[in-house]
Number of protein chains: 2
Amino acid sequence: MTDTWSQRWSRRGKLAAAAQAPSRVPAPGMISFVFGDPDVPSLPLEDMAEAAEYLAEHNRRDALAYQNAITDGELNAALAEKLARDQGIHVQPEQIFVSHGASAGLSLLCDMLIDPGDVVLADAPAWMGATNMFRLAGAEVRGVDVGEDGADPAQVEAILDDLAREGRTPKFFYTIPTFQNPEGVELSLERRHALAKLADERDLLIVEDDAYVDLRFSGAPKPTLFSLSQRGNVIFSGTLSKTIAAGLRLGYLVGPADVVATLARGAVDTLRNSYTAALADWYIRSGRLAEHIQHLRQIYREKCHRMLAALEREMPAGTSWTRPSGGFFIWLTLPEGVDAVDLLPAAREAGVDYIPGTAFYSDGRGRRNLRLSYSGVTVEQIDEGIARLAKVTRAALAQTAATAD
Amino acid sequence: MTDTWSQRWSRRGKLAAAAQAPSRVPAPGMISFVFGDPDVPSLPLEDMAEAAEYLAEHNRRDALAYQNAITDGELNAALAEKLARDQGIHVQPEQIFVSHGASAGLSLLCDMLIDPGDVVLADAPAWMGATNMFRLAGAEVRGVDVGEDGADPAQVEAILDDLAREGRTPKFFYTIPTFQNPEGVELSLERRHALAKLADERDLLIVEDDAYVDLRFSGAPKPTLFSLSQRGNVIFSGTLSKTIAAGLRLGYLVGPADVVATLARGAVDTLRNSYTAALADWYIRSGRLAEHIQHLRQIYREKCHRMLAALEREMPAGTSWTRPSGGFFIWLTLPEGVDAVDLLPAAREAGVDYIPGTAFYSDGRGRRNLRLSYSGVTVEQIDEGIARLAKVTRAALAQTAATAD
């Protein structure tokens, strides 16, 4: 790049110019547990063609024209019905802002809420897609530890108290309560009540990212934080990327009507993905989404169980991992003395790829952790990939033992 | 909205909370020349269904999965071929960043190039969608007057000199050279050469927004600034919103490969609208886009000529207007003494709506101007709407004369 360009970039542009982005396409022969990609064979491609045909037959030319991000019918109405039925969220269609994927919704929240120097609370470990956005917006991110029962409300309260002593108030607490990314754990019922109560008592805004909420392997869902807050202190972030298709780029934010209307006025592109929104609307109303979700639950349950069994069979003693009840991810803790960052070159050499835990923290923690995505790979790849991971882990353990001698 | 929320909004959020957004849906009976909306009956809805069927038949499930904004084939290759043929722009597919509509591309440029306090040059009058974005990003916007021959290179040079004396360099000059929004005028060949030369001599980045370039009513296109710059000092912003469908949300930025790769790393959502991109790819490759553009040229030419004829027939002496060779807009100057802002309530009362010229300037200019969009209305609405506009203008003129007596 010429000198001219290096002078043109903004603060944010300079960060991007210096950054490296991993390729989404793994090298030949590599088994990649890196990305939370969907199960490709089940993507409803034929249904989308049927939906497109329906729109043509019904002269729905409006689906190709400009449409606002908020409407009082169409996809908004279909989502409102689904939210009431599946997530206990009772809202009017106008309380839903349809965005270009959930990322664009979160980015809008950053634009509308964060000034440089503001504090934001977030899961620790957290999905780096969100925390990177917060940092690009200039926020200071404070982590709330996520354990087997999800994020710790007592720690949230302690951080609020600390900040209050500094005269500061956090803009929001970002959390993935259900099948968390990267840990795969679920916020307990007790902690859900505690967090919702805290939000109401302390006027804390919670941004509840429930991207995986529909992908529960079995049993009844836990109530959303949105449904538990009595005072509208939760913005719910949803997506159709995991249940219909990421390629439709459809996410949504749910909140008080006046807040959502303000968000819409602050959006750079106030227009929705109207064509894919119309396809999704048809897919939801036809009842196919509900059926498809049942199918996806089986698919991801099988993949998850297959990976858990492979870990049990292959990994050396001292390794531990989470046992998800849904979603896309398992969080693994390597045996004492084995480092996930140091292990990565050997793992890639052996043909298996993952994300080291450090990528999900901002303070150097997570060196013994790694995230494994089972969603996008085949069951055969799961067996072989975990075998490869176990082999390099055992080799690293042996080396650690030899060094200790 | 509760007090809590008013404290949560960022600088930008507060601006949006205080702003008013016009509805895209006009009141019953209102003839709206407000939005640059497409001609709805010609939107290729059946073709999109055929494209969706094609994707299903060819098992193109990748079109529903995550895809990066930059690829070396698919829509990028189709666009590269089209750019070479129609715009004299010869680039590799990797030099094209596909965004969620052109707005998302411009927003990315703001994120990546503008720090608060930076200077940006822009057409005056200019499309407010762009200048609003620049201001939200914290830029100071300096206007370059746009006349019958487009933006004035001598004025650009004078502003560069002024800024240099202050020790400042503008981040870029944003301009719509072809069928400008809002004036409908076209940058002359001479001025194109002068601006490209200036960009190269002064290391000025030009952001060339050519949203309407394909919609020339007749004759040969003029060379793009991109094709005239010898040193890669132009980023070209294109869109499929005006030629296929706004509802697909597909825009694109074209520039040097390393610059485009950096832009992609800085994007919040690095994933493209992969499904609509695949539909558009099919539409372009099948040759239908080229045919459809011929059809659209006739449609918009007819509407433009109808509006020009109605203006000629109806408007009182002292009114003048631009005579576009393409695009969606006519820029009207009211007779001396008639104010477009003051006239608007009476116009709406009479059942016709427009945007006053002041909305396209930031310094109070444009009070005698207004923008008329002929693209989305029918020819009957054009006749009736201009008759209504003429009637309220004559009434205002009469009142002005009476007051002067």
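In this predicted model, Glu74(B) counts as partly exposed, at 34% relative accessibility. The residue is found in helix H4 of chain B, which covers residues 74-87. Its backbone deserves a second look: Glu74(B) has a positive phi of about 50°, although it is not a glycine. Most residues other than glycine have a negative phi, and most peptide bonds are trans.

Chain A offers a further case of this kind. Phe179(A) is not a glycine either, and its phi is positive, at about 55°. This residue belongs to the loop between E6 and H8 of chain A. With a relative accessible area of 0%, under the 20% cut-off, Phe179(A) is buried.

The loop that follows E6 also holds a cis peptide bond, which joins Asn181(A) and Pro182(A) with an omega of about 20°. Pro182(A) sits between strand E6 (173-175) and helix H8 (189-202) of chain A. In chain B, Asn181(B) and Pro182(B) are likewise joined by a cis peptide bond, here with an omega of about 15°. Pro182(B) is placed in the loop between strand E6 (173-175) and helix H8 (189-202) of chain B.

Turning to another loop of chain B, Gly351(B) lies between helix H14 (340-349) and strand E12 (352-353). Gly351(B) is buried, with a relative accessible area of 10%. Beyond its neighbours within four places in sequence, Gly351(B) is in contact with Gly29(B), Met30(B), Ile31(B) and Arg388(B). By comparison, Gly366(B) is 15 residues away along the chain, and the C-alpha atoms of the two glycines are separated by 22 Å.

Helix H13 of chain B runs over residues 288-314. From its first C-alpha to its last, this helix of 27 residues reaches 39 Å, close to the 39 Å expected at 1.5 Å a residue. Its buried residues include Leu289(B), His292(B), Ile293(B), Leu296(B), Ile299(B), Tyr300(B) and Lys303(B). An α-helix has 3.6 residues a turn, so residues three or four places apart point the same way.

Finally, a view of chain A as a whole. Its secondary structure comes to 15 helices and 14 strands. The radius of gyration is 22 Å, close to the 22 Å given by the globule rule for 405 residues, so chain A is as compact as a globular protein of that length. The C-alpha trace spans about 70 × 55 × 55 Å along its principal axes, and 60% of the 405 residues count as buried. Among contacts between residues at least 6 apart in sequence, 73% join residues at least 24 apart.

Note on methods:
Residues numbered from 1 in each chain as written. Chains lettered and ligands numbered in written order. Predicted model: local features only at pLDDT ≥ 70, side-chain atom pairs only at ≥ 80, totals over all residues. Heavy atoms only, no water. Helix = DSSP H or I, 4+ residues; strand = E, 2+ residues; numbered from the N terminus. Rg over C-alpha atoms; globule rule 2.2 N^0.38 Å. Buried < 20%, exposed > 50% of the residue type's maximum accessible area, 1.4 Å probe, protein only. Contact = heavy atoms within 4.5 Å. Expected span 1.5 Å × (residues − 1).
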